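Open the structure in your viewer and keep the selection box handy. The tour goes stop by stop: select, look, move on.

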Amino acid sequence: MNIDKNAVGFIDDAQLLADEAKYSSFGDTVHYVDPPKIFRHGEGSYMFDTAGTPFLDLQMWYSAVNFGYGNKRLNDALKKQIDVLPQVASQYLHQTRIELAKTIALDAKKKFGLDGRVHFNVGGAQAIEDSLKIVRNACNGKSLMFAFEGGYHGRTLGASSITSSYRYRRRFGHFGERAMFLPFPYPFRRPKGMTPEEYSDSCVRQFERLFETEYNGVWDPKTNQCEYAAFYVEPIQGTGGYVLPPMGFFKGLKKVLDKYGILMVSDEIQMGFWRTGKLWSIENFGVTPDIVVFGKALTNGLNPLSGLWAREELINPTVFPPGSTHSTFNSNPLGTSLGLEVIKMGYELDYETTVPKKGAHFLDGLRDLQKKHKEIGDVDGLGLALRAEICTDDGFTPNKALLDKMVDIGLAGDLEHNGKKIGLVLDVGGWYKNVITFAPSLDITHEEIDLAIALLDQLLTKAKKG
């Protein structure tokens, strides 16, 4: 694709980078890459840089653009809404806000058998904050939560308290109400001598042991009360490296939670909207959450909108009255019109069928690649949430340095396809920052998946040569 460098207002990369270095905060994640990469255009599964080089994007804005760049149906829905009702104060109602809430609530009723309500906000971390208010309110002000090692729920103060990484809390004061972090079954790095299922069962037993006596620290057997209000879970860990637990894990965990009156909050911000082949990733595991938090792909990245669904008992107007939480831009018309169209489109295009098929094809390609490169220690996935763990040549020791080289080479745009230059956009995750977390467009074609595997082969070969 040719980028018009003579267009009015065009500023070249060198000037943009100089201005950015002087005037922008470095507090976000752009500066993980030096220099930051500038893109000019997006279409389908590709982004294009100033030279017009295509980059096959296998992270799609951290799974926010599930339906591809420039999706015509969704872009048209946004344009239509701009001409009808582009904005309205959040103290007033408008049609798509009500329709979207109803659509999500009825879908949950069908799947979980529970009445519930939907509450909107503008970002994933903000929706997590709202969920914390709902949980605290429902549990008489209890502010302690359980969460997983390797879990990530955002970087606001409340969300940081239930995110396992200390680096997001460091420098910001003492977090007296930070979660108790429990082991998440990580099959590739399980203890020797255990099957994945045995390891999963062991993690559940370790958690349940906390309730054996009052001296285990969380349970008062005389009043049958737990000091902790809820367990925040990512059914598949996102930033933690797309770690997929054994399929029976959450059933075992939920039995413990129900036994001791602890709520389950499913964080679907990264895995929701058919990333795993289901609207909500928790559906794959056969358990019913009390709260579902969502964001990112709800609007395909076109407009900030997030929210949550909660059981009626937790969120009805008597217990969670007007003014319990607020954001000026929550339930904004552009976002809710897009969200409604996303859900309609998802069911009409039958992503529940197409995503698992594409995911299986992608996973087969990764397994073939693993046979060729012993540095790929593990591959796994569910739907189009896939992982490849990059290791040393022993196939197990984490190799962050090699993956960093791969990312840099991919962003350089010097790979080849059909005699032309092409780039590859990868996302890095995992406990040791050595995992490629794949979140391609759900509309990626089988041919593009084959191209992705071929480019990964080139990329790894080049990176190993140094």
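What follows is a walk through a predicted model, one selection at a time.

**Stop 1: helix α3**

Select residues 72-84, which form helix α3. Put a distance between the end C-alpha atoms: they are 18 Å apart. That agrees with expectation, because 13 residues at 1.5 Å a residue should span 18 Å.

Now colour by accessibility. Which residues of α3 are buried? They are L74, A77, L78 and Q81. Look down the axis of α3: the buried residues fall within an arc of 95 degrees, so they line one face of the helix. An α-helix has 3.6 residues a turn, so residues three or four places apart point the same way.

Turn to the other side of α3. K72, K79, K80 and D83 are exposed there.

Next, show what covers the buried residues of α3. The cover includes α4 (95-112) and α10 (333-348). Before leaving, zoom in on the start of α3. A side-chain oxygen of N71 comes within 3.2 Å of the backbone nitrogen of R73.

**Stop 2: helix α10**

Select 333-348, one of the helices covering the buried residues of α3. α10 has 16 residues. From first C-alpha to last, α10 reaches 22 Å, close to the 22 Å expected at 1.5 Å a residue. How many of the 16 residues of α10 are buried? The count is 13, so α10 is largely enclosed by the rest of the structure.

Step just past the helix to D350. Its phi is positive, at about 55 degrees.

**Stop 3: the second largest pocket**

Centre on L93, R97, V118, H119 and F120. Of the 25 residues lining the second largest pocket, these lie nearest its centre. The elements giving two or more residues to the lining are α4 and β4 (116-121). The volume of this pocket is about 690 Å³.

**Stop 4: K254 in helix α8**

Select K254, in helix α8 (residues 249-259). Is this lysine buried or exposed? K254 counts as buried because its relative accessible area is 10%, against a cut-off of under 20%.

Show the side chains. K254 and D258 are joined by a polar contact of 2.7 Å. Then drop the neighbours within four places in sequence: K254 is in contact with M264, V287 and T288.

**Stop 5: I291 in strand β11**

M264 turns up again here. Select I291, in strand β11. I291 is buried, with a relative accessible area of 0%. I291 and M264 are 27 residues apart in sequence, yet 6.7 Å apart in space, C-alpha to C-alpha.

Show contacts, again leaving aside neighbours within four places in sequence. The partners of I291 include S131, I134 and V135. M264, V265 and S266 are also among them. So are L308, W309, A310 and L314.

**Stop 6: the loop between β10 and β11**

Two residues deserve a selection in the loop between β10 (263-267) and β11 (291-294).

Take N284, placed in this loop. Its side chain makes a polar contact of 2.9 Å with the side chain of T276. A polar atom of the N284 side chain also lies 2.9 Å from the backbone oxygen of S281. Leaving aside neighbours within four places in sequence, N284 is in contact with M247, T276, K278 and L382. Now add F250: N284 and F250 are 34 residues apart in sequence and 9.9 Å apart in space, C-alpha to C-alpha.

Then take F273, in this loop as well. F273 is not a glycine, but has a positive phi of about 65 degrees. At 0% relative accessibility, F273 is buried.

**Stop 7: backbone checks**

Most residues other than glycine have a negative phi, and most peptide bonds are trans. Two more places are worth a look with that in mind.

Select N418, in the loop between β15 (415-417) and β16 (420-425). N418 is not a glycine, and its phi is positive, about 55 degrees. Buried or exposed? N418 counts as exposed because its relative accessibility is 69%, and the cut-off is over 50%.

Finish at P35, in the loop between α1 (13-23) and β1 (39-43). What is the form of the peptide bond from D34 to P35? The bond is cis, with omega near 0 degrees.

Technical notes:
Residues are numbered from 1 along each chain as its sequence is written. This is a predicted model: local features need pLDDT of at least 70, side-chain atom pairs count only at pLDDT 80 or more; totals for chains, interfaces and linings use all residues. Side-chain values use heavy atoms; hydrogens and water are left out. Helices (H or I, at least four residues) and strands (E, at least two) are DSSP runs, numbered from the N terminus. The expected span of a helix is 1.5 Å times one less than its number of residues. Buried means under 20% relative accessible area, exposed over 50%, partly exposed in between (1.4 Å probe, protein chains only). The arc is that of the directions from the helix axis to the C-beta atoms. Contact means heavy atoms within 4.5 Å. A polar contact is a pair of N or O atoms within 3.5 Å; within protein, one must be able to donate a hydrogen and the other to accept it, and residues adjacent in sequence count only if both atoms are side-chain atoms. On a 1 Å grid over the protein atoms alone, a cavity is a set of points where a 1.4 Å probe fits but cannot get out, and a pocket is an open set with protein on both sides within 12 Å along at least five of seven lines; lining residues have an atom within 4 Å of a point. Grid points are joined across faces, edges and corners, and a volume is the space filled by probe spheres set on the points.
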